[in-house]
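This report is meant for a reader who is meeting the structure for the first time. It begins with charged pairs, goes on to single residues and one helix, and ends with the whole chain.

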Amino acid sequence: MTQEEVFKKLVAHCKEYGFIFPSSEIYDGLAAVYDYGQLGVELKNNIKKYWWDSMVKLNSNIVGIDAAIFMHPKVWEASGHVGAFNDPLIDNKDSKKRYRADVLIEEWCEKQNEKINKEVAKAAKRFGESFDETMFRQTNPRVIDIQNKISAVQQRMVTALEENNLAEVKQIILDCEIVCPISGSRNWTDVRQFNLMFDTKIGSVAEGANTIYLRPETAQGIFVNFLNVQKSGRMKIPFGIAQMGKAFRNEIVARQFIFRMREFEQMEMQFFVQPGQEIQWFNHWKNFRMKWHRALGLGDDKYRYHDHEKLAHYANAATDVEFQFPFGFKEVEGIHSRTDYDLSRHQQFSGRKIQYFDPESGESFVPYVVETSIGVDRMFLQIMSAAYAEEQLEGGEQRVVLRIPAALAPIKVAVMPLVKKDGLPEVARDIVNKLKFDYMCQYDEKDSIGKRYRRQDAIGTPLCVTVDHQTLEDGMVTVRHRDSMQQQRIKIEELQQIVETEVSMKKLFEKLMD
Ligand code: ATP
């Protein structure tokens with residue numbers, strides 16, 4: 001099965017089992033907007049809890065807030081979003097499809113990279129054990145040639161974007177002979193800028209109406225509340241403010257399911273530090289955030305950093321955590337050292353002093369900021385794409401299983417009476433009634449046990465508990481584990497402990513504190 005086919009299956013699976021539905025589906029949907037279903041919302045909430053607790057609960061110097069989506073329009077002037085939150089877009093005249101010009105160029109670079117990787121793989125095969133990859137990459141003429149081409153194109157693109165030279169951006173696309181993936185043609189329009197913010201009107205009468213924006217990121221709600229939180233919480237630098245919430249971007253190219261949406265959710269943390277200490281903190285958060293991802297056990301080789309060589313003018317370090325989705329390595333999280341840009345801009349635009357008074361040195365200064373910014377939905381997709389598996393079982397049977405990290409699974413335990421009679425349903429319901437105070441449980445009595453196991457595998461339930469006739473005599477039940485499919489016989493009184501050991505988030509948190 002190709003990765004594309006796997007991805008299609010995953011999208012279908014998400015719908016079939018109540019994880020994600022297209023928005024307003026009965027009206028044929030709304031592009032790049034999705035609704036989370038009954039199981040999706042549970043997984044999403046668990047992801048948010050994992051993030052929130054690991055930031056706010058585990059770090060005594062981080063507090064949370066929940067700012068409004070609507071903000072004063074000046075916020076977006078200060079942040080630079082009104083003037084510069086633009087994507088360069090280009091249309092193919094034959095397919096009528098619209099693309100982000102920079103993404104077309106980046107994809108071209110990625111293809112060149114793949115060529116290099118193929119050369120490396122070929123050479124590795126030829127030379128066997130004595131193969132020195134670093135040496136090969138540094139000396140092979142073909143590899144060097146491709147690498148130089150990539151660097152030159154990247155450099156041209158960065159300069160063109162920085163100078164807002166859209167004609168040059170188009171020229172790069174022409175020079176690289178990039179074709180439209182749909183029509184295969186190079187019949188491109190000019191490149192145009194397109195602001196990604198949605199606007200709306202506040203106030204009930206049109207004449208008195210004021211244009212406001214739906215926030216394109218949650219970070220600004222933190223910056224404008226810096227002083228409120230610092231003062232009311234008597235926070236001492238270094239400290240952080242965390243927030244989760246909806247953000248909106250009128251994305252030109254909305255593809256790849258929930259990877260790029262027009263309405264999505266972010267989890268952001270801004271960490272305020274003394275100027276000069278930001279790189280040390282940047283490295284700290286870079287490591288901590290990678291640990292957070294890896295603790296889930298989806299596979300260490302599925303992550304990589306993408307350090308930004310070309311930085312935004314206000315940043316002095318930036319990296320992305322990338323995850324290997326079925327459609328390649330893509331950003332899930334950004335970690336940025338943003339200097340004092342944001343607070344200084346708000347100071348300038350609001351006319352208020354936004355500074356921290358350091359009681360030890362007796363000086364006031366505008367703190368520097370290190371931010372970590374992750375999309376909930378991309379995190380969701382990361383987990384689902386790593387979790388989805390089709391397995392061949394003994395006896396020719398097949399199962400689809402979602403190997404969702406147990407602590408994040410929507411349903412933790414399914415309890416099933418072997419048959420719908422003889423008092424077994426009563427015992428099973430009793431077990432659910434005890435466990436439901438702590439865990440999301442499902443009671444299921446329909447179909448054969450095999451079929452019920454398959455249903456729970458398909459939604460990622462880590463544990464199934466079966467009540468049978470023997471249970472009535474010895475008070476023992478069968479616990480079946482999702483991943484190993486192994487079964488064990490235990491006392492009903494031991495259930496709570498077994499579930500706790502299997503699904504507790506604490507184990508994840510402990511890994512972060514190592
Ligand atoms: P991209 O380059 O993919 O557009 P970005 O660099 O603009 O992303 P940031 O502004 O740094 O993204 O946002 C931080 C995080 O928010 C991203 O790492 C991603 O997880 C999430 N995010 C951003 N835009 C979207 C979107 N349209 N849909 C879903 N998640 C998003």
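## Salt bridges

In this model, which is predicted, a search of the whole structure finds 36 salt bridges. One of them joins Asp 307 to Lys 286, with the closest N and O atoms 3.2 Å apart. This pair links distant parts of the chain, since Asp 307 belongs to strand S11 (residues 303–307) while Lys 286 belongs to helix H11 (residues 278–294), 21 residues apart. Asp 307 is partly exposed, with a relative accessible area of 41%, whereas Lys 286 is buried, with a relative accessible area of 14%.

Strand S11 also supplies a partner to another bridge, in which the side chains of Arg 304 and Glu 322 meet at 2.7 Å, N to O. Here too the pair links distant parts of the chain, with Arg 304 in strand S11 and Glu 322 in strand S12, 18 residues apart. Arg 304 is partly exposed, its relative accessible area being 33%, and Glu 322 counts as buried at 9% relative accessibility.

## The surroundings of Thr 319

Strand S12, which runs over residues 317–325, also holds Thr 319. Is Thr 319 buried or exposed? Its relative accessible area is 0%, and because buried means under 20%, Thr 319 is buried.

The side chain of Thr 319 takes part in a polar contact of 2.6 Å with the side chain of Asp 307, the residue that forms a salt bridge with Lys 286. The side chain of Thr 319 also reaches the backbone oxygen of His 306, at 3.3 Å. When neighbours within four places in sequence are left aside, the residues in contact with Thr 319 include Phe 282, Lys 286, Tyr 305 and His 308, and also Glu 333, Gly 334, Ile 335 and His 336.

## A network of charged residues

The side chains of Asp 483 and Arg 482 meet in a salt bridge at 2.7 Å, N to O. Arg 482 counts as buried at 4% relative accessibility, while Asp 483, at 37%, counts as partly exposed. Both belong to one network, in which salt bridges that share partners join Glu 391, Glu 397, Arg 399, Arg 403, Arg 454, Asp 457, Arg 480, Arg 482 and Asp 483.

Two members of this network, Arg 399 and Arg 454, are in contact with Leu 393, and Met 485 is also in contact with Leu 393 when neighbours within four places in sequence are left aside. Leu 393 lies in the loop between strand S17 (388–392) and strand S18, and at 14% relative accessibility Leu 393 counts as buried.

## Helix H15

Helix H15, made up of residues 449–459, is mostly covered, as 8 of its 11 residues are buried. Among these buried residues are Arg 454 and Asp 457, which are also members of the salt-bridge network. The others listed as buried are Ile 449, Arg 452, Tyr 453, Gln 456, Ala 458 and Ile 459. Just after helix H15, Gly 460 takes a positive phi of about 85 degrees.

## Lys 412, a buried charge

Lys 412 sits in the loop between strand S18 (398–402) and strand S19 (413–417). Although Lys 412 is buried, it has no salt bridge, and the nearest side chain of opposite charge, that of Glu 42, is 7.3 Å away.

What the side chain of Lys 412 does have is a polar atom that lies 2.6 Å from the backbone oxygen of Ala 409. Apart from neighbours within four places in sequence, Lys 412 is in contact with Asn 46, Ala 406, Ala 407, Tyr 439, Met 440, Thr 461, Pro 462, Leu 463 and Val 503.

## The protein as a whole

The protein contains 18 helices and 23 strands. Its radius of gyration is 26 Å, close to the 24 Å that the globule rule gives for 514 residues, so the protein is as compact as a globular protein of that length. Along its principal axes, the C-alpha trace spans about 80 × 65 × 60 Å.

Of the 514 residues, 49% are buried. Among contacts with a separation of 6 or more, 65% are between residues 24 or more positions apart. The protein exposes about 25500 Å², and carbon and sulfur atoms supply 49% of that area.

How values were computed
Residues numbered from 1 in each chain as written. Predicted model: local features only at pLDDT ≥ 70, side-chain atom pairs only at ≥ 80, totals over all residues. Heavy atoms only, no water. Helix = DSSP H or I, 4+ residues; strand = E, 2+ residues; numbered from the N terminus. Buried < 20%, exposed > 50% of the residue type's maximum accessible area, 1.4 Å probe, protein only. Polar contact = N/O pair within 3.5 Å; in protein donor to acceptor, adjacent residues only side chain to side chain. Contact = heavy atoms within 4.5 Å. Lys, Arg positive; Asp, Glu negative; His and termini not counted. Salt bridge = Lys/Arg side-chain N within 4 Å of Asp/Glu carboxyl O. Rg over C-alpha atoms; globule rule 2.2 N^0.38 Å. Areas by Shrake-Rupley, 256 points an atom, 1.4 Å probe, with all protein chains shown as cover.
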